[in-house]
Amino acid sequence: MKKVLTVIIFLATTIHYANAQMSGNGNKGNGAGRSGANASIGHFYGKVVDSKTNKGIPGASIILTGNKYDTVTKQLKQATLKTVITENNGDFSLENLPVAGNFKLKISAVSYKPVEKQVRFDFKMTQGGNNNSSGSGTDMGAMGQAISGLDKDLGNIKLEPDATDLGTVTVTASKPQLELGIDRKVFNVDKNLTSTGQTATEVMKSIPSVSVDIDGNVTLRNATPTIFVDGRPTTMTLDQIPADIIDKVEIITNPSAKYDASGGNAGILNIILKKNKRVGYNGGIRAGLDARGKFNLGGDINLRQEKVNFFASGNFNQRKSISTGFTDRNTTSSPTSFIHNENDGTNNGSFRFIRGGLDYFVDNRNTISATANYVRGNFDNIQTQTIDSTVNSIYKSKSFVNTNSSMMFQNFGGQLSYKHNFQKNGHDLSADFNYNSSNNDNNANIGTYTYLPYSYTLSQNPFLQQTVGNGNSHNFTAQSDYTNPINDNTKFEAGVRAAIRDNKNTNDQYIFNTTTGKYDKSSVASSKYRYTDAVYAAYSTYSFKVNKFSFQLGLRAESSNYSGTLLNSAGIDSVNFSVKYPLSLFPSIFASYKINDKQDLQLNYSRRINRPNFFQLMPFPDYTDPQNISIGNAGLKPEFTYSFEINYNYAYARNANFLVSSYFKYNTDLITRYTYRDVNKITGDSAYFFSYINANIGYSYGLELTNKMPVTKWWDLTANINLFNSQINANIPGRNISNSLVSMYAKMNNNIKLGKGFSFQVSGDWRTKTLLPQSGGGGRGGGMFGNTQTLAQGYTLPRYFDVDLALRKDWTWKNGQSGSLTLSMNDIFRTNSRTYSEALNFSQYTERYRDPQLLRLNFSYRFGKFDPNLFKRKNNKADQNGGMDMGGMGQQQ
């Protein structure tokens, strides 16, 4: 009890002293006394409601202002102390407030008249109270009344609807689906209805500037971007990340020196996962079902109290993907041939995703965070091919190829980070260590049955194969960043980074021996290899302002090395090769001019690199797919990209932005894939091989227009058009290639409010004939070394009206509870993917479909209570008899 009384006396003394200071009665020369007197333990809370309906108003802006001691002028000055946004039910909470003085509360919301009111804490101690140390009911009642005054309920604050245009309101009712900036776009996934219950791949389909092909490969302005998760590389692929745990995606088209230079001529897609730090508890559960009977389940929970913030989430997703298509391959050299291949496939399985972590707030300036995630999945694939072969215009055979394969994968990722905030706002030092690992096992049984023309008689014994493979990858990343805003107009940033990746893979091929009746291992087709790559980097940027001009100058230095080993079946080193890239410098320059409050203009430049990966360098054939044999080129050089952008952003109306971006990218030694004909050493037949070469040059330029606007009060529209030209010049064996093509890609997202909690979303894209995407770093996995897709001899054909639809009903209940039911369908017009490629005396046309018109139904339920004292005590106010719950008081100490 003595300890409790000591705390109460200290608080009362503190408040009395602070009031004396503010009234001018304190020691005016004692600056330290002024700054430390007012304890920040107060808590205001309440609810903002519509004055006519008494329903809570979500997304209202709450600003609390009050006196704050200025250490420079040694005077109290009016300042903003807290800013929050109300929850879906209108609740708000302001914590860690000074307990003395008067405050002003400002509330505003779209379509409502703003409200201002004076508020203060009712902290009163009984004068001349009983000093009996036994803790009588009278003393306890006084203490209870004093403490309850620090936890003040402001009740329901009513806002009146305003029929006029509130052009001065700067805080919107909720986050828009797309936020436009000059250096990046931010896509808020919660606003995207069509990807509910799916994966990050489907999220990318709705993002302006981003394109997703039928296999889930992602391109940004027709180049493959680097994929980050929470700002760091990952071993997870996009189809292993549930859409429901993604908070937002940052689209950075021309990264500065602060970011990895690896990534070729593409930008960065940074996936930010959900992580709530609001005081109290909140969480949700969700479930969904699609038309194929596959379901998804998920849930998340977040708890924050005092110095600890804990969060966890889990997802289980089933998926059944059905694809169909055909390929026509023509050979014009002697003997001429035509092959027609029809392909049907079904991929069926599931994966689980678990993520958790905590933040420990050591004090106001130091935070330690730890996060971890685990993914595990199993998928079975059944594929059938029907192949008709014609040679010299004579129909020769019909073949059936049946493939049954299975795959298991698991990924683990963890991050440990530390952040220190210095006394000056924005001045901080952070360090983190990331570890990602992945393991996979796969096996396949392939049977090829070839029949005589117009007959059911086998022309030869069936060709039976088995494939058994496994692999693992370990990624280590250590990084430290320092930021120092020297003054209001200048800022210095610096950092160091080390990234190491170790991979090992085994792929054994077995062929059925009709004589022995057993499968024999093929040493030619089997492979076992391991490789390690490492990138070491340091960067610094200096930002400053001169009147309406802003500049950022950056320089990044990177060095890297690469080593690979091809092993024989006994695991003994057989072939080694390594590449060491010298130290390279990557400058970046950003210059901005603020025309006025609504218009900005920016010019930027950066240099980036795309290093060839193991498969592009390994000079040995990969016979895993006998129809598409690939072989690397040990003489490949890294490609360098010089990127220029000019951006103009115009916020021409409330909640409306028009962004114009013109860009030019020039590549030297562009890593390019090409096709040639050689002998298949397994079958002895002539076959086409795919390999890689450095093109002479490659460049692209374009104009991108993005308009985000509220068409009406109930209809929001985001339109994106990218008009671009790609040019590739390459000298490949047997011919010179010069491909140039002007293309256009358009995307549109419509969000329509139907009233009574219903909303409707229509999103779609449209594209013209396009050169196959240029190479970029990391591909779908987001690694450090490149994953090229460029084919100097091919292009994709036009695709029109790829449209997704979704309808959602939202409910909001009491106590912070809400729910939503979403019905969605993708690709309602059954669009297809078509590609064409050619080489010397060779051409190939492919047409494919995957999962059109798939209907999904998803439900989500959210709950929460944002009470900072929820876990401190059982009763935050004195009871009717003047007593207080002592268990709760004990937890406060």
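This report describes the overall make-up, selected strands, cavities and one buried residue of a predicted model.

## Overall make-up

The chain has 893 residues, and 49% of them count as buried. Its secondary structure comprises 6 helices and 44 strands. The accessible surface amounts to about 40,800 Å², and carbon and sulfur atoms contribute 54% of that surface.

Contacts may also be described by how far apart the two residues lie in the sequence. Among contacts in the chain with a separation of 6 or more, 68% are between residues 24 or more positions apart.

## A sheet built from β4, β1 and β7

One open sheet contains 3 strands in the order β4-β1-β7, and its pairing is mixed. Its edge strands are β4, covering residues 91–98, and β7, covering residues 151–159; each of these pairs on one side only. From one strand to the next, the twist averages 25 degrees.

Strand β1 spans residues 40–50 and runs antiparallel to β4, to which 6 bridges join it. One residue pair illustrates this pairing: Ser40 has Pro98 in β4 as its bridge partner.

## A sheet built from β29, β33 and β32

Another open sheet of 3 strands follows the order β29-β33-β32, again with mixed pairing. Here the edge strands are β29 (629–630) and β32 (671–679), and each pairs on one side only.

Which strand is joined to β29, and in what sense do the two run? The partner is β33, formed by residues 686–694; the two strands run parallel and are joined by 2 bridges. Within this part of the sheet, Ser630 stands opposite Phe690 in β33.

## Strands β28, β30 and β31

Strand β30, made of residues 639–653, pairs with strand β28, made of residues 599–610. Their pairing is antiparallel and extends over 12 bridges. Leu603 faces its counterpart across this pairing, standing opposite Ile646 in β30.

Strand β30 also pairs with β31, which covers residues 656–668; this pairing is antiparallel over 12 bridges. Asn647 stands opposite Ser661 in β31. The strands β30 and β31 form a hairpin with 2 residues between them, and in this hairpin Asn655 takes a positive phi near 65 degrees.

A general point helps in viewing any such strand: side chains in a regular strand alternate between the two faces of the sheet.

## Cavities

Empty space inside a model can be located by rolling a probe the size of a water molecule over the atoms. A search of the whole structure finds 7 cavities of 30 Å³ or more. The largest cavity has a volume of about 100 Å³.

Which residues line the largest cavity? The lining consists of Ser209, Ser211, Thr219, Arg221, Asn222, Asn722, Phe724, Tyr745, Arg767 and Thr770.

## A residue in strand β17

Asn317 belongs to strand β17, which spans residues 308–331. Is Asn317 buried or exposed? Its relative accessible area is 5%. Because a residue counts as buried under 20% relative accessible area, Asn317 is therefore classed as buried.

The surroundings of Asn317 can be listed once residues up to four places away in sequence are left out. On that basis, Asn317 touches Gly197, Gln198, Pro242, Phe295, Asn296, Gly349, Ser350 and Phe351.

Methods: Residues are numbered from 1 along each chain as its sequence is written. This is a predicted model: local features need pLDDT of at least 70, side-chain atom pairs count only at pLDDT 80 or more; totals for chains, interfaces and linings use all residues. Side-chain values use heavy atoms; hydrogens and water are left out. Two strands pair if DSSP finds at least two bridges between them. Helices (H or I, at least four residues) and strands (E, at least two) are DSSP runs, numbered from the N terminus. Axes are lines fitted to C-alpha atoms, for helices over the stretch in contact, and angles run from 0 to 180 degrees between N-to-C directions. Buried means under 20% relative accessible area, exposed over 50%, partly exposed in between (1.4 Å probe, protein chains only). Contact means heavy atoms within 4.5 Å. Accessible areas come from the Shrake-Rupley method with a 1.4 Å probe; for residues, only the protein chains shown count as cover. On a 1 Å grid over the protein atoms alone, a cavity is a set of points where a 1.4 Å probe fits but cannot get out, and a pocket is an open set with protein on both sides within 12 Å along at least five of seven lines; lining residues have an atom within 4 Å of a point. Grid points are joined across faces, edges and corners, and a volume is the space filled by probe spheres set on the points.
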